[in-house]
Amino acid sequence: MSEYREELRASARKVVEDAGTPASEGAVWPVAVELGWLLTTLPEARGGLGLGWGDAVVLHEELGRGLAGAPLLSAALAAEALAGAENEAGASWLERLLAGEPIAVPLADGALAAEGDGLSGRLEAVPSAAGACALVAWTEGAEALWLIPRDAPAVAIETPPYWDETRAWCAVELRGVPRSAAVVLARGERAARLVEALTVRRALGIAADAVGGGAQLLELTLEHLRTRRQFGRPLALFQALKHRVADLATELAAAEALLHEAAAAVDAGRADAFRRAWEAKLVATAAYARCAEEALQLHGGIGMAVEHPCHLFLKRALLDVELAGDPESLALAVGDAVLREAG
Amino acid sequence: MTAEELASFRAEVRAWLEANVPRGWRSAMTNAPQEAFVALQRDWFHKLVGAGLATPHWPAGWPGGGRSLAEQKVIFEEIARADAPRLILYFVSLYHAACTLFECGTEEQRDRYLPGILEGAVWCQGFSEPNAGSDLASLRTRAERRGDRYLVSGQKIWSTMAQYADHCLLLARTSSEGPPQAGLTYLLVDMKSPGISVRPIHQITGDDEFAEIFFDEVEVPVENRVGEEGGGWAVAQATLASERGLTLVELSARLAHALPRLGRALRERGLAEDPGMRRDLGRLAARVAAARALADQYLERRIAGRERVGDASLVKLHYAVVLREFARLGLRFGGLPAHRDRGFVRGATQETGHWVLDFMNSYNWSIAGGSNEIQRNIIAERLLGMPREPRTWRLEEEA
């Protein structure tokens with residue numbers, strides 16, 4: 001693990017901790033822009049640091065740890081798309097993004113349909129789209145990758161109430177946005193490759209969110225077990241409870257190891273990068289959800305009170321399971337990869 | 001060693017294994033007598049020693065020794081990939097005995113025993129007892145000092161391959177004073193000494209890999225003691241730490257390479273079109289990938305000198321849990337046909353595709369070497385900072 005990575009982690013943790021629980025978007029986003037977090041994975045030719053997702057996931061772990069609302073993952077994916085665009089279509093938008101104007105990317109499955117001259121479709125789970133200057137999305141089958149300016153005609157943004165309130169969830173509906181009002185970032189082979197890159201990195205980002213959130217929630221739970229006394233002794237002395245937190249720590253440690261292994265596979269462009277990223281997302285979000293489920297139980301009544309942050313982790317953990325690729329489809333994709341190996 | 005050098009070392013090891021792994025050993029070992037297994041193990045051991053692949057963890061200067069942890073990892077990964085037999089008969093010799101001697105033995109002890117190990121001397125471990133399993137420090141086999149020798153009496157159990165062993169690493173009690181750990185002494189015992197008898201344990205799997213050892217006033221010269229009298233516990237810790245996470249790197253790699261067996265089981269049952277089953281296979285594959293990543297990360301930590309107390313327990317517990325899940329899914333995919341006893345495959349480790357057998361064998365990892373429950377205690381108390389179990393207690397009826 002590089003020293004740089006540890007510095008990045010320490011810096012991110014400080015920023016997030018100073019931003020409250022949950023870490024507010026207003027406090028984290030401007031600092032993230034100022035500290036150049038978006039430059040982490042951007043190629044040097046684009047003024048970035050040219051580092052890999054092995055480093056970037058550390059940031060997303062820390063944001064997850066602090067339940068942060070800042071749309072860093074979505075913005076990092078947008079930067080990836082704009083930097084990889086054909087000709088210079090994305091250049092001016094990339095400048096705006098790096099200057100701090102968020103560009104939104106959906107974190108759930110979903111694609112646009114190209115009907116006649118227009119782009120249509122409904123995209124769910126687009127973080128902070130209401131405050132974004134544009135949206136990056138792709139058409140079905142990854143035929144083309146588009147940037148749709150926020151002020152293009154026929155773009156409607158809703159803010160449906162999600163149980164997870166730590167992130168500013170929006171739904172974006174395009175009702176026949178004229179192609180002339182949108183920017184095509186890539187088509188054909190290039191679009192397919194970019195969309196693949198985005199979906200794989202999105203899975204890493206959500207896995208990182210889960211790893212970080214799970215670690216923080218485990219710490220809160222351990223603290224509760226150490227301090228809460230019943231029957232004249234701390235709960236932490238009951239072996240039945242100790243074993244349950246030991247299991248959580250084990251699952252989270254494995255998820256973290258797999259996340260970093262998957263990020264390394266993605267950075268190295270290894271042939272198994274896809275599968276590792278899907279596996280990392282499945283394992284990490286399952287571990288986070290299990291940790292959240294157990295944390296609520298181990299906290300007892302206090303966890304059911306809205307003042308306690310337990311429920312914020314629970315709601316975020318349960319939603320993470322559904323983000324960055326429907327888990328049933330990902331599990332099927334991995335299972336089929338094993339079946340192909342079986343010959 | 002640079003990344004390129006490591007890659008070329010890997011290619012070398014891979015090529016050697018492709019040319020030398022005994023072909024068809026799994027079918028040859030199915031229902032084979034123990035003697036055939038021992039013969040296979042001896043041949044494979046001498047081949048590996050000859051190629052310098054059995055002792056990469058030994059210090060430089062010894063044949064095959066002086067390899068970095070990174071190179072050792074490569075060797076284990078390639079052995080897993082090649083589906084080579086595990087060196088079950090020699091594992092204690094090559095790791096436990098050798099590392100104990102390197103770390104805690106005297107010059108004379110090293111000169112006397114290490115060359116023998118390279119020539120194929122088999123060692124076994126005498127730690128666990130019928131009444132000292134998880135609570136190893138409570139063991140009761142006695143070693144009484146009589147002049148220049150110890151007289152050993154007692155019973156050991158779960159000693160792997162003790163019926164073939166030339167020597168035993170013995171942990172015995174020389175004193176009942178003070179805390180239980182403080183009265184233990186570490187001895188090297190010649191298994192041909194008068195007063196030793198060995199009884200194989202017939203296991204539920206059909207194997208008899210383990211044995212009981214009975215000691216009846218067995219004489220052990222004082223020069224066979226490792227460390228000080230009463231210092232055996234620390235030496236035993238060195239023994240148990242000897243494989244340094246490499247075993248789990250190998251075993252989790254083997255598990256990953258064995259996933260296609262589950263895929264074939266699904267096909268054979270005609271269930272490969274069932275998306276629910278395929279998803280379950282995918283979820284398990286993800287868990288196996290995580291087990292492998294965790295074992296690899298642990299070894300990287302050790303290489304970097306950043307290991308935390310309790311890290312090894314995370315790896316072992318996770319592997320044991322995932323191994324059980326693997327076997328359980330095998331049972332589901334295998335269905336009724338998997339219940340026909342197709343015989344026992346000697347030395348085939350945990351994932352043979354004989355699902356009932358594999359399921360039973362998975363307990364080797366959730367019980368031996370510190371049970372899952374012990375690992376959970378270690379993780380909770382040493383890694384997570386939960387308070388330790390109170391040391392004294394009294395049953396109400398005993399009060």
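In this predicted model, the side chains of A:Lys242 and B:Glu389 meet in a salt bridge, with nitrogen and oxygen 3.4 Å apart. That pairing belongs to a wider set, since the interface of chain A and chain B holds seven salt bridges by the rule applied, and the count of residue pairs in polar contact between the two chains, both at pLDDT 80 or more, is 14.

On the side of chain A that touches chain B, the elements giving two or more residues are α6 (188-227), α7 (239-267), α8 (273-299) and α10 (327-341), and of these α7(A) gives the most, with 15 residues. By class, this side of chain A has 21 nonpolar, five polar and twelve charged residues.

The contact as a whole takes 38 residues from chain A and 36 residues from chain B, and the area buried between them is about 3300 Å², of which carbon and sulfur atoms give 65%. In chain A, the residues that lose the most area to chain B are A:Lys242, A:Thr250 and A:Leu339, which together make up 17% of what that side buries.

Turning to helix α2 (residues 25-34) of chain A, one finds A:Val28, A:Trp29, A:Ala32 and A:Val33 buried. Seen down the axis of α2(A), these buried residues fall within an arc of 125°, so they line one face of the helix. An α-helix has 3.6 residues a turn, so residues three or four places apart point the same way. The buried residues of α2(A) pack against α1 (3-17), α4 (72-83) and α5 (91-98) of chain A, whereas the face turned away from the buried side carries the exposed residues A:Gly26 and A:Glu34. Just after α2(A), A:Gly36 takes a positive phi of about 75°.

Note on methods. Residues numbered from 1 in each chain as written. Chains lettered and ligands numbered in written order. Predicted model: local features only at pLDDT ≥ 70, side-chain atom pairs only at ≥ 80, totals over all residues. Heavy atoms only, no water. Contact = heavy atoms within 4.5 Å. Buried area = accessible area lost by both parts, 1.4 Å probe. Salt bridge = Lys/Arg side-chain N within 4 Å of Asp/Glu carboxyl O. Polar contact = N/O pair within 3.5 Å; in protein donor to acceptor, adjacent residues only side chain to side chain. Helix = DSSP H or I, 4+ residues; strand = E, 2+ residues; numbered from the N terminus. Nonpolar A, V, L, I, M, F, W, Y, C, P; charged D, E, K, R; others polar. Buried < 20%, exposed > 50% of the residue type's maximum accessible area, 1.4 Å probe, protein only. Arc of directions from axis to C-beta.
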